[in-house]
Each structure stands twice: as C-alpha cells, then as structure tokens.
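Reader: I'm new to looking at protein models. Could you walk me through this one, a feature at a time?

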Amino acid sequence: MPVKKFVDDDQITIHVMGWLSKIFKGSNHNISEGHYYGNYGQDASYNAPSTSGEAYLEQENEEDIDRAIALSLLEDNHNVKNVADVEIQLKEDEQLAKALQESLSVESPPRYGNGIPRYGNGIPYQGNAYQPYPIHFPMGFRVCAGCNTEIGQGKFLNCLNAFWHPECFRCHACGLPISDYEFSMTGNYPYHKSCYKERYHPKCEVCKLFIPTNPAGLIEYRAHPFWIQKYCPSHEHDGTPRCCSCERMEPQDTGYVALNDGRKLCLECLDSAVMDTKHCQPLYLDIQEFYERLNMKVEQHVPLLLVERQALNEARDGEKNGHYHMPETRGLCLSEEQTISTVSKQPRFGAGNRAMGMMTEPYKLTRRCEVTAILILYGLPRLLTGSILAHEMMHAWMRLQGFQTLSQDVEEGICQVLAHMWLDSELTPTSGSNIASSSASRTTKNGTRSQFERKLGDFFKHQIESDTSPVYGDGFRAGQQAVQKYGLERTLDHIRMTGKFPY
C-alpha cells in the first residue's frame, strides 16, 4: 500500500551543540511508516516511505553545519592573535567534521510490503508495485508533480517518486486531496482506500452489498454460468427466488412477478411471456409452418393448451408412458383421454407484482389419434414457449408417423435437436420465420428483437447444449452429431428402421 510522507522545511533548526548530538546519536527526524497485512481486497499496491527525504535535508543543511562549526571554533580560539593560524585551523577542523559526518551518515534502505490482495475465488491479483528511490534536487528547487510549479518552503509530500503540494495529490476517483496516511493504487493512479473499494471491490448483484471475505481472507462468490450474475454464497440457502425462465436470482431492489402457481418471473422475461391458450395460437401456427418447411407436416389437428404447474403435473401422472425432464416438466405430449384445466384468460398484475384475475376452464381430451393434446406451462417467454412446443411437436410427429417405441435418449435427443433448430431459425437474421406474425412476440418498431430477447434465446440454446443429463443432454449431442453428418431426413429414416442414431 502506498504511503505518503510529510516533510516540513520550517522544522529544521541547526545549532552547534545540536550538531555534536547529531554526530553521536544519529538523526532525530521522524518518518511515518505504513503497515500492510495482505488482507484480501484492500489495496492494489503498497509502498513504505523512502528515507531519501531525510538524506536530502541533511545535505541541504550541510553548509549551515559547517558555518556553525566555524563560529564555534572562532569562539573557542578568541585569544589567538594570529588570524592566519586561526583560518588554517578552521579549515582543518571543517574537513575533519565533514569526514566524521559522512562516515556516520548511513541511509537505511527503503522497505516494501509484500502483501498480495486476492480476488475472485482465491485468485491472487498482482497489483503494481511502486518502489520509491532517492530523488535529489538543487537546494530550494522542488517541482510539484501535480501542478508543475516550484514547491518552495512549507510542507510537501514525497511519494510515487515525486514531490507534491499536499493539495495537489488527489484521488483519481473523487478528485479530492488524499490526506490519509495510506492510499491505494491501480495503474498509475492513486485512490482513497474507500474510493478504491467502491470502484474495484465486487458487489453482490442480489443484496447490492460488498461481497464478504471467507475465513481465509478471500472474496468468495457464486456466478451464473451464462449470465455471470455475481452474488453472495448465502443467497443460495436464504430463500432468494430465481426467475423460472432465465434462472437469474431476484435482486432485493427489483421485485419479480409472482405467478399463481408459485413461480417467479423477472420483468425482462415477462415482457415476451405467453400467458394464456388463446394468445399462444399464433406461435403454434409458426411452429407448424416450421415443420412444414422441413417436410414434416403434422396432418392431424392436435390441441395446444397452456396450463398451470399443478395441472401439468396431474396430466403427467395420468399418462401411462412418457419421459420427463426433471426437476420440472414444462411440456407434455399426451396420448390418453383426460380432462385438463387450461388457462383461458391471462392474469393482470397488481400490487406487489402479484398475478390477479386469471381464469381457467376444464378441457376434455378425446382420443381421435395417437396424440390427444400438447400441454405447455403458461407464463414463459415466447422463445422458451416455442422451443418447448417444437420439442413436443416432434413427439407428436413421430407417434403419428408410426415410429416404434424408442429408447429415452434417442427420442428425447432428437426432440431436443428440433427445439434447438427452431431457436436457430428464430435468432438467425435471415430466418424465414416471420417474427411479427405472433401476437405474443414483443418486438421493437422496426420488427427486430430486443437485445435481451436475443440473449435470452442464446441462453435457451445454451441450456440445451450444456444439459448434463444422460437422456436429454447426451441424447441431444448424439442426435446433433448425426444430423450434422447425415442430415435430418436420413437420420430420421435410420431411427425409424433401427431405433438408433446413425454413426
């Protein structure tokens, strides 16, 4: 940690007896020294003060000392009549005094701290080390490094290998003079310790406080792998809610929307959320057109219903067969006759961002083919709702095409490939899909997606690509590799015949 040193020219007083005391007892100038213990996140660099200021003052007053010696010797020899003898003796004594003083004047080397702040999860941060060295100027000539004018008499600072007026040595952040004994550095700029912490010490994006250090003195935080949202480890266990769509934690100064089934939705995801069955139909048409462009038209009419979490779980329990993505299922392709409670009127949001006025109604499913309905969890952004719908549509297409019962990794894997392909088609600028065709899509006036919605789409693709489950994750990667190598049509023909991906 850099440390400032104060020197006052007005405090220099030379006396003959004081000179004798100085020779035999050493210097009596006091130089303050800073202390640094290497605690995490305090400072980027540290300097102990240089002793060059003391040596400089001694040289500056050497002539005063010699003059005092001469006066003392003249007084001691006032009875000597021969002036020439007195002058000879005076010169010899002056030379002897100089030799004694130079032999006893030993300047101690500067000391430097070796504390290294550590950042992140215990990663050392190598700050800039500024090591002062003696700087000598002619007597009465010191130039301030701040204003480039001569300092003259009075107090001055000696730090960062330069001299400063006290009012010219200022914090790079707030612009006020640094009057503290210790200060922080980054690059070539000095900071108040408090200003440095405010600017460079990481803050929790949930509670907005400085992330605390752990018992080892290191800053330890958690971060979302995609959004890089940094937060205190304690928030993983204190009930802080996450958005059910993007998975970001809820900041304490920004309330998330509370849905009727207990889920929380951030305001950015709410902006493009599909809230009821009626408003999801245009998106359903987009997905059907996407399948038609792949020569995979679904001939039969399959009802699409948006439902709450409880209704989705009940429908899942009523199915004889099926594979479900844990920890939460967000879509189903049904084959059994059931009565489903569907969301018929989207909620409005009142005080405390709570959903109010949502209406549901029963919908009886009739088995006219191998697929009775597709269910999607309501309240998810359009891109996520669409990717889930593209996944479930692939289940429906394979059942209606008479595919044999497949292993979980093959069936779920190829469905994830279609979901990923649809997201690609929506996020590619040359997409044939009409973004503005869906009333559930929130776009800017020029028809393009917002920056957040594009990033949200990338996040949903990232979720599919980085899934670690053996069924959905490994199945997707095997299916993606097969489609990239053989194409979608040949891959599906191979699955129909063998029940496996081609290799």
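Author: Sure. Let's begin with an idea we'll need in a moment: two strands count as paired if DSSP finds at least two bridges between them. Keep in mind too that this is a predicted model.

Reader: Okay, and what holds paired strands together in general?

Author: Strands of a sheet pair through backbone hydrogen bonds, either parallel or antiparallel. Here, β13 and β19 (residues 373–377) pair in the parallel sense, over 4 bridges. You can pick out one of these on screen: L306 has I376 in β19 as its bridge partner.

Reader: In what order do the strands of that sheet sit?

Author: The order is β13-β19-β14. These 3 strands make an open sheet, and the pairing is mixed.

Reader: Which strands stand at the edges?

Author: Those are β13 (304–307) and β14 (331–334). Each has a single partner strand, so one side of each is left without a neighbour in the sheet. From one strand to the next, the twist averages 20 degrees.

Reader: Which helix lies across those strands?

Author: That's α8, residues 309–318, which lies across β13, β14 and β19. Its direction is at about 40 degrees to β14.

Reader: Now helices against helices. How do I describe a pair of them?

Author: Two packed helices are described by the angle between their axes and the distance between the axes. Try α10 (residues 408–427) and α12 (residues 472–486): their axes come within 7 Å and cross at roughly 65 degrees. Angles from 65 to 115 degrees count as roughly perpendicular, and α10 and α12 therefore get that label, roughly perpendicular to each other. The crossing of α10 past α12 is right-handed.

Reader: Which residues meet there?

Author: From α10 you have D409, E412, G413, I414, Q416, V417 and H420. They meet Y472, G475, F476, G479, Q480 and V483 of α12. Sorted by class, this contact has 5 nonpolar, 6 polar and 2 charged residues.

Reader: At what angle does α12 cross α13?

Author: Roughly 120 degrees, and the axes of α12 and α13 (residues 488–498) come within 7 Å. That angle makes α12 oblique to α13. In this contact, A482, V483 and Y486 of α12 meet L488, R490 and T491 of α13. The classes here are 4 nonpolar, 1 polar and 1 charged.

Reader: Let's try single residues. Is K461 buried or exposed?

Author: Check its relative accessible area: buried means under 20%. K461 has 16%, so K461 is buried. You'll find K461 in helix α11, residues 451–466. Leaving aside neighbours within four places in sequence, K461 is in contact with H420, L423, D424 and L427. You've already met H420, in the contact of α10 with α12.

Reader: And where does D180 lie?

Author: D180 is in the loop between β5 (162–164) and β6 (184–186). Its relative accessible area is 36%, so D180 is partly exposed. Now look for H192: D180 and H192 are 12 residues apart in sequence, and 7.6 Å apart in space, C-alpha to C-alpha.

Reader: Can we zoom out? How many helices and strands are there in the protein?

Author: The protein has 13 helices and 20 strands. Of its 503 residues, 45% are buried. One last thing to read is how contacts span the sequence: among those between residues at least 6 apart, 63% join residues at least 24 apart.

Notes: Residues are numbered from 1 along each chain as its sequence is written. This is a predicted model: local features need pLDDT of at least 70, side-chain atom pairs count only at pLDDT 80 or more; totals for chains, interfaces and linings use all residues. Side-chain values use heavy atoms; hydrogens and water are left out. Helices (H or I, at least four residues) and strands (E, at least two) are DSSP runs, numbered from the N terminus. Axes are lines fitted to C-alpha atoms, for helices over the stretch in contact, and angles run from 0 to 180 degrees between N-to-C directions. Contact means heavy atoms within 4.5 Å. Angles under 35 degrees count as roughly parallel, over 145 as roughly antiparallel, 65 to 115 as roughly perpendicular and the rest as oblique. A crossing is left-handed if the near helix is turned anticlockwise from the far one by less than a right angle, and right-handed if clockwise. Ala, Val, Leu, Ile, Met, Phe, Trp, Tyr, Cys and Pro count as nonpolar, Asp, Glu, Lys and Arg as charged, and the others, Gly among them, as polar. Buried means under 20% relative accessible area, exposed over 50%, partly exposed in between (1.4 Å probe, protein chains only).
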